[in-house]
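Trainee: Could we go through this protein together? I'd like to see how each label follows from its cut-offs.
Mentor: Sure, pull it up and ask away.
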Amino acid sequence: MAKSQQEGRQMTRVMGESGGARVDQTEGGARSMRRWDADRKPMELNSKTLAEVCGHGTHENFEKAIQIISYYNVMTDLKHFPDAEYHFDNEEFTEGKKLIITGIENTTKSIKNDQFDDVRITLGKILHTLQDFYSHSNWIELGNTEPCTALINKEENIPNPADKDEKTCVENCKNGNCGAQFLDKILNEKILTSGYFGKGKPRGKCSHGGSLDLTTGIWRSWDGINKDYSDSSHGSRHNEAADVAITASVQLLEKIWENIDNQGGNKFLSTVTSPYWQLFTT
């Protein structure tokens, strides 16, 4: 399943401490987010400068909004621990995408109706699912360095997912990483798969891995394809997965921004209408 602390850090990087991103204020108060340019010196992106550029609310409210979004990102692991679609486990790509698309639609409606508490809750949940795709699938191992845009675009098909009866990982392997070693066909033909999590899996499928995953058998449950931690079986690709997940999260936010005005976009990050403690009991 998703690793909560890492995703909380990823969300913070997207919303408030983005690794390498900056805010640039241009004439007329226009805003842009971009990567560091050695020839220019835009402001560091943090809650204070973000509030200043947006011109709405205080940086304390921005920090609260970021914390709330991150909290519901993390809570998705606890409330939906066994639900594969929330984590793109068990090759449930269609189901996971549906959660994201529905969340984008609901978030857009909530912003237009000034229901900003609902926006932050929903956004935290769908960012969790979106980010899990990159650590739980083999998207990175297939050589991709950019996000899978099909996850946020209803009309776009998810590229080349494995059939439910198609074998994806080596069985009876000698190195002990059964459930973590992709078949050559999967890599050569760029077939998309994800690990199975829980008590069992279909024969020939990959495992998620981790101490709570029993799909590879008792005492061998760490084997799997997840990249949640640097010491996971595929942990050497952890940083790559995290970087692409951050880019994907920005794309999701931009997708929402396309359908709302700037004022509504600013307000969901700067207006905390409910008592702060109540937002953490939903």
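Trainee: What area does the protein expose, and what share of it do carbon and sulfur atoms supply?
Mentor: About 13,600 Å² is exposed, with 49% supplied by carbon and sulfur atoms. Areas come from the Shrake-Rupley method with a 1.4 Å probe, and for residues only the protein chains shown count as cover. Bear in mind that this is a predicted model, where local features need pLDDT of at least 70, side-chain atom pairs count only at pLDDT 80 or more, and totals for chains, interfaces and linings use all residues. Residues are numbered from 1 along each chain as its sequence is written, and side-chain values use heavy atoms, leaving out hydrogens and water.

Trainee: How many helices and strands are there?
Mentor: There are 8 helices and 3 strands, running α-β-β-β-α-α-α-α-α-α-α along the sequence. Both are DSSP runs numbered from the N terminus: helices are H or I with at least four residues, strands E with at least two.

Trainee: What share of the residues count as buried?
Mentor: Of 282 residues, 52% do. The label means under 20% relative accessible area, with exposed over 50% and partly exposed in between (1.4 Å probe, protein chains only).

Trainee: What makes a set of residues a nonpolar core?
Mentor: Its members are buried Ala, Val, Leu, Ile, Met, Phe, Trp, Tyr and Cys residues, joined through side-chain atoms within 4.5 Å. The largest one here has 31 residues, and Ile100, Leu123 and Tyr134 are among those touching the most other members. Elements giving two or more residues to this core are α4 (93–112), α5 (116–136) and α7 (238–257). The largest share, 8 residues, comes from α5.

Trainee: Why is α5 called oblique to α7?
Mentor: They pack at about 140°, with axes 9 Å apart. Axes are lines fitted to C-alpha atoms, for helices over the stretch in contact, and angles run from 0 to 180 degrees between N-to-C directions. Under 35 degrees is roughly parallel, over 145 roughly antiparallel, 65 to 115 roughly perpendicular and the rest oblique. So α5 is oblique to α7.

Trainee: And why is α4 called roughly antiparallel to α5?
Mentor: Their axes come within 9 Å and cross at roughly 155°, so α4 counts as roughly antiparallel to α5.

Trainee: Which residues make that contact?
Mentor: Contact means heavy atoms within 4.5 Å. Those involved include Ile100 and Ile104 of α4, and Leu123 and Phe133 of α5.
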